[in-house]
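Visitor: Could you take me on a close look at one part of this model, the place where the ligand sits? I'd like to hear what is around it and what touches it.

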Amino acid sequence: MGDEAGEYLGFVGAGRMATALAGGVVRSGAWTAGRVLATDVSADALKKFTVATGAGAVNSVPELAERCGVIVVAVKPGQVGEALAPVSGLAAPRLLISLAAGVPLARLESHVPASFRVIRVMPNTPALVGAGASAYSLGARASGADAAVAERLLGSVGLAVRVPETQLDAVTGLSGSGPAYLCVVIEALADGGVAAGLPRPLALRLAAQTVLGAGRLVIESGEHPARLKDDVASPAGTTVEGLKVLEAQGVRSAFIEAVAAATRRSRELGQSFLP
Ligand SMILES: NC(=O)c1ccc[n+]([C@@H]2O[C@H](COP(=O)([O-])OP(=O)(O)OC[C@H]3O[C@@H](n4cnc5c(N)ncnc54)[C@H](OP(=O)(O)O)[C@@H]3O)[C@@H](O)[C@H]2O)c1
């Protein structure tokens with residue numbers, strides 16, 4: 001980036017996602033707290049952000065944009081236009097990273113000066129506990145070095161993968177909405193445990209840990225999930241009895257259709273944000 005501002009990371013909007021990301025980069029050492037700033041229309045949100053992360057606060061978007069080479073837009077999708085209006089006169093080069101769900105690169109690029117490179121991200125809520133799955137897409141002016149900055153930011157709170165923008169609706173349907181699907185799974189597994197005689201708090205802990213553990217097993221073993229499933233299902237055993245019920249109830253196709261439906265909805269919503 002070349003200028004002093006390049007070393008600073010700034011958040012426009014200091015809500016849940018900004019707090020999670022700022023906390024992540026400071027904890028991982030990707031940025032020091034002294035080089036992370038935020039601004040927010042809500043003084044209360046800004047105060048909570050600084051207390052939680054140790055990062056600094058500034059009073060306005062122009063001040064933030066003046067001081068930060070990397071600007072993260074962390075406001076609600078409908079607030080992006082208003083939040084970015086004050087940077088329209090800034091001639092300095094900046095990297096703008098937007099977390100706003102559904103707001104296309106073309107729309108973001110139309111809100112900022114030509115000197116800005118833009119990256120669009122689809123994060124998910126487990127980023128709040130450092131176990132996120134984020135996908136990002138580069139705008140026309142963004143470079144490989146900019147992608148590395150996005151990886152440094154998003155990688156501090158979980159997995160970060162680069163995809164073409166055309167895949168971001170599918171990412172939204174899968175990892176963006178996925179935490180909600182899996183919370184339903186956890187709740188349902190716990191209901192099953194309660195029905196089978198377990199106390200509710202114990203059933204919930206076992207269910208949540210089982211979902212976490214299955215995910216880690218897939219990632220860390222590198223094995224295909226079908227193989228890991230087969231490993232648990234011994235001949236004429238208990239697991240295969242359960243699996244028969246899941247197949248009979250169409251659980252597999254329910255998940256496939258859920259991701260497909262959420263992807264379609266993401267595409268529809270994105271239309272409303274096109275310039
Ligand atoms: N949370 C998630 O899990 C998640 C997942 C995927 C994507 N995202 C995306 O991440 C973005 C942020 O989500 P969030 O949950 O962190 O939102 P949030 O908690 O509502 O935080 C946004 C903050 O920005 C403030 N704000 C609004 N307009 C502003 C402006 N012009 N200048 C400065 N600050 C402004 C808001 O204040 P007010 O409340 O007063 O408006 C609020 O404090 C969203 O675009 C969302 O689509 C979030």
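Guide: Here is a walk around the ligand, followed by a quick step back to the domains. Keep in mind that this is a predicted model, so what you get are computed values. The ligand sits in the second largest pocket. Around it you'll find 19 residues, and the closest are Met-17, Asp-40, Val-75, Gln-79 and Thr-125. Sort that shell by character and you get 12 nonpolar residues, four polar ones and three charged ones.

Now for the oxygen atoms of the ligand. At Val-75, a backbone N or O atom is 2.5 Å from a ligand oxygen. Met-17 also uses its backbone, with a polar atom 2.7 Å from an oxygen of the ligand. With Asp-40 it's the side chain: one of its N or O atoms lies 2.8 Å from a ligand oxygen. As for cover, the ligand on its own has 900 Å² of accessible area, and the protein covers 80% of that.

Stepping back, the domain assignment splits the protein into domain 1 (4–165) and domain 2 (176–269). Their centres, taken over C-alpha atoms, are 33 Å apart.

Note on methods. Residues numbered from 1 in each chain as written. Predicted model: local features only at pLDDT ≥ 70, side-chain atom pairs only at ≥ 80, totals over all residues. Heavy atoms only, no water. Near = heavy atom within 4 Å. Polar contact = N/O pair within 3.5 Å; in protein donor to acceptor, adjacent residues only side chain to side chain. Areas by Shrake-Rupley, 256 points an atom, 1.4 Å probe, with all protein chains shown as cover. 1 Å grid on protein atoms, 1.4 Å probe; cavity = no way out; pocket = protein on both sides within 12 Å on 5 of 7 lines; lining within 4 Å. Sits in = over half its atoms within 2 Å of the grid points. Nonpolar A, V, L, I, M, F, W, Y, C, P; charged D, E, K, R; others polar. Domains from an automatic or database assignment.
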